[in-house]
Amino acid sequence: MAITGAAGLLATWEAGLAEAPAGRALLLHGTARPDLDTAALPAVPVGERESDLFALRRALFGERMQVRLECWACGADMEFELDAGEFARSLRGPRETSVRLTRDGWDITFRLPSAADLTAAARAADPRGTLLARCLVSAAHDGMPKPADALPAPVQRRIAEAVEAADPAADVLLGIGCPECGTATRAELDIASYLWTELDAWARDLLLDVHLLATAYGWSEPEILALSPLRRRYYLELCADV
């Protein structure tokens with residue numbers, strides 16, 4: 001993965017300010033996967049996208065992730081460190097884009113959900129039914145084709161289990177024991193939201209650096225962004241000494 005320069009990251013951040021979380025995740029994914037056409041990004045399986053975002057996060061901000069949770073039982077704040085590299089390796093994206101189930105006379109092929117599928121389902125009156133209809137490639141019982149709304153609940157559960165097994169990175173859950181009361185708290189790790197928060201803080205700090213250096217030296221923003229982080233920091237230290 002090519003690491004985007006400061007100017008490119010600032011452009012991504014600026015574009016994301018007006019976007020909802022789904023739009024920001026798409027922009028971040030585009031930064032992580034410059035090899036993919038923008039129109040193809042929403043069709044990437046969710047687990048593959050999450051793995052790509054973990055890789056981007058490591059490239060930009062390193063291996064260590066600080067995570068904070070609130071214990072659901074006693075309300076205590078829990079803060080711990082996560083090894084992004086080790087975590088990402090345990091949640092590699094899917095090797096296949098679909099799963100097939102053959103059991104009790106059923107023969108079903110189901111496509112792994114993508115970001116576009118989840119967005120459409122979230123906006124629908126029947127999210128589960130919408131997701132099922134969008135991702136069902138084919139279904140037959142005893143050789144007779146069946147529509148998505150004809151699948152019984154046990155079959156739908158088996159599909160969900162098969163998708164979860166095939167794409168574990170699509171839904172990252174953390175299980176943390178509270179040091180105060182010992183209760184285990186489970187929470188979803190939304191890497192897109194986490195990474196956007198870090199990018200937002202980085203961008204605002206960088207723009208402050210640009211302001212200070214432009215004021216002190218009269219340089220333009222492109223000239224300042226072209227400096228390496230080490231040289232920018234050195235010039236800022238010189239400004240502070242004046």
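In this predicted model, R233 counts as partly exposed because its relative accessibility is 42%, which falls between the limits of 20% and 50%. R233 forms a salt bridge with D209, and the closest N and O atoms of the two are 3.3 Å apart. Since R233 belongs to helix α10 (residues 229-241) and D209 to helix α8 (residues 191-217), the pair ties together parts that are 24 residues apart in sequence. D209, in contrast to an exposed residue, is buried, with a relative accessible area of 12%.

A search of the whole structure finds 16 salt bridges, and the table lists some of them, including the pair just described.

| Salt bridge | N to O distance |
|---|---|
| D107 and R100 | 2.7 Å |
| R233 and D209 | 3.3 Å |
| R158 and D104 | 3.9 Å |

In the pair of D107 and R100, D107 counts as partly exposed at 29% relative accessibility, whereas R100, at 58%, counts as exposed. The side chains of R158 and D104 also meet in a salt bridge, and because R158 lies in helix α7 (residues 153-166) while D104 lies in the loop between β3 and β4, this pair ties together parts that are 54 residues apart in sequence. Salt bridges that share partners also join R33, D35, E48 and D52 into one network.

D104 has a further feature in its backbone, for its phi is positive, about 55°, although D104 is not a glycine. The loop that holds D104 runs between β3 (98-103) and β4 (106-111), and D104 counts as exposed because its relative accessibility of 55% is over 50%. D142 is likewise not a glycine and has a positive phi of about 55°; D142 lies in the loop between β5 (136-141) and β6 (144-145), and at 58% relative accessibility D142 counts as exposed.

Helix α3 (residues 46-61) has 16 residues and reaches 22 Å from its first C-alpha to its last, close to the 22 Å expected at 1.5 Å a residue. The buried residues of α3 are V46, G47, R49, E50, S51, D52, L53, F54, L56 and R57, and D52 is also one of the members of the salt-bridge network. After α3 comes G62, whose phi is positive, near 95°.

On the surface, E161, E164, D171, E188 and D190 gather in a patch of negative charge. One of these residues, E188, lies in strand β8 (residues 184-188), and E188 counts as exposed at 54% relative accessibility.

Terms used: Residues numbered from 1 in each chain as written. Predicted model: local features only at pLDDT ≥ 70, side-chain atom pairs only at ≥ 80, totals over all residues. Heavy atoms only, no water. Helix = DSSP H or I, 4+ residues; strand = E, 2+ residues; numbered from the N terminus. Expected span 1.5 Å × (residues − 1). Buried < 20%, exposed > 50% of the residue type's maximum accessible area, 1.4 Å probe, protein only. Patch = residues over 30% accessible without salt bridge, like charges linked within 9 Å, V, L, I, M, F, W, Y side chains within 5 Å. Areas by Shrake-Rupley, 256 points an atom, 1.4 Å probe, with all protein chains shown as cover. Salt bridge = Lys/Arg side-chain N within 4 Å of Asp/Glu carboxyl O. Lys, Arg positive; Asp, Glu negative; His and termini not counted. Charge placed at Lys NZ, Arg CZ, Asp CG, Glu CD.
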